[in-house]
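Student: I am new to this structure and would like to go through it step by step. Could we take it as a series of questions, with the reasoning spelled out each time?

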Amino acid sequence: MAQSAKPISSPVPDAWYPSLAVLMLAVGLFITASFFIYEATSSRKNRSLAKELVTGAAASVFLGFGSLFLLLASGVYV
């Protein structure tokens, strides 16, 4: 009983790659800008490590996936 293998396909349609890249990079840059504004305007005593870590992690996730979709849209990864 031989099983036929199914090819791996993307859960996201290829036509969505450019839109997802722009959207995720824009959100990631917005969160990064808000992080820098928070760091520049708050004093050392009023800063929260938890807020900094959450904001940094969210910006990292959005910029990472945005970069991935940008590379997929441009044809670097086929």
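Student: How far apart are the end C-alpha atoms of α2?
Tutor: This is a predicted model, and in it α2 covers residues 49–74. At 1.5 Å a residue, the 26 residues of α2 should span 38 Å, and the distance found between its end C-alpha atoms agrees with that expectation. The value for those end atoms is 37 Å.

Student: And what span should the 25 residues of α1 have?
Tutor: Helix α1 takes in residues 17–41, and the step to apply is again 1.5 Å a residue. The end C-alpha atoms of α1 lie 36 Å apart, which agrees with the expected span. That expected span is 36 Å.

Student: Which residues of α2 are buried, and what helps to cover them?
Tutor: A residue counts as buried when its relative accessible area is under 20%, and in α2 this holds for E52, T55, A59, G66 and F69. In α1 the buried residues include Y17, L20, A21, M24 and I31, and their cover includes α2. In the other direction, what covers the buried residues of α2 includes α1.

Student: Which residues does F35 contact, leaving aside its neighbours within four places in sequence?
Tutor: F35 is found in helix α1 and is partly exposed, because its relative accessible area is 23%, which falls between the limits of 20% and 50%. L53, which belongs to helix α2, lies 18 residues from F35 in sequence, with 9.9 Å between their C-alpha atoms. Once the close sequence neighbours are set aside, the contacts of F35 are with E52 and T55.

Student: Is L53 buried or exposed?
Tutor: The cut-off needed here is that a residue is exposed when its relative accessible area is over 50%. L53 has a relative accessible area of 55%, so L53 counts as exposed.

Student: Which side chains meet in a salt bridge?
Tutor: Side chains of opposite charge can pair when their charged atoms come close. The count for this model comes to one salt bridge, and its N to O distance is 3.5 Å. One partner, R47, is partly exposed at 31% relative accessibility, while the other is among the buried residues of α1. The two side chains are those of E39 and R47.

Student: What is the area of the nonpolar surface patch that includes L71?
Tutor: L71 is found in helix α2 and is partly exposed, with a relative accessible area of 32%, so L71 passes the patch requirement of over 30%. The patch is made by V61, F65, L68, L71, V76 and Y77. Its area is about 530 Å².

Student: Which residue follows α2, and is its phi positive or negative?
Tutor: The helix ends at residue 74, and the phi of the residue that comes after it is near 90 degrees, which is a positive value. That residue is G75.

Student: What is the radius of gyration of the protein?
Tutor: The secondary structure comes to two helices and zero strands. For 78 residues the globule rule gives 12 Å, and the value for this protein is well over that, so the protein is more spread out than a compact globule. The C-alpha atoms fill a box of roughly 70 × 30 × 15 Å along the principal axes. The radius of gyration is 18 Å.

Notes: Residues are numbered from 1 along each chain as its sequence is written. This is a predicted model: local features need pLDDT of at least 70, side-chain atom pairs count only at pLDDT 80 or more; totals for chains, interfaces and linings use all residues. Side-chain values use heavy atoms; hydrogens and water are left out. Patches are made of residues with over 30% relative accessible area and no salt bridge: like charges are joined within 9 Å, nonpolar side chains (Val, Leu, Ile, Met, Phe, Trp, Tyr) within 5 Å. Accessible areas come from the Shrake-Rupley method with a 1.4 Å probe; for residues, only the protein chains shown count as cover. A salt bridge is a side-chain nitrogen of Lys or Arg within 4 Å of a carboxyl oxygen of Asp or Glu. Helices (H or I, at least four residues) and strands (E, at least two) are DSSP runs, numbered from the N terminus. Buried means under 20% relative accessible area, exposed over 50%, partly exposed in between (1.4 Å probe, protein chains only). The expected span of a helix is 1.5 Å times one less than its number of residues. Contact means heavy atoms within 4.5 Å. The radius of gyration is taken over C-alpha atoms; the globule rule is 2.2 Å times the number of residues to the power 0.38.
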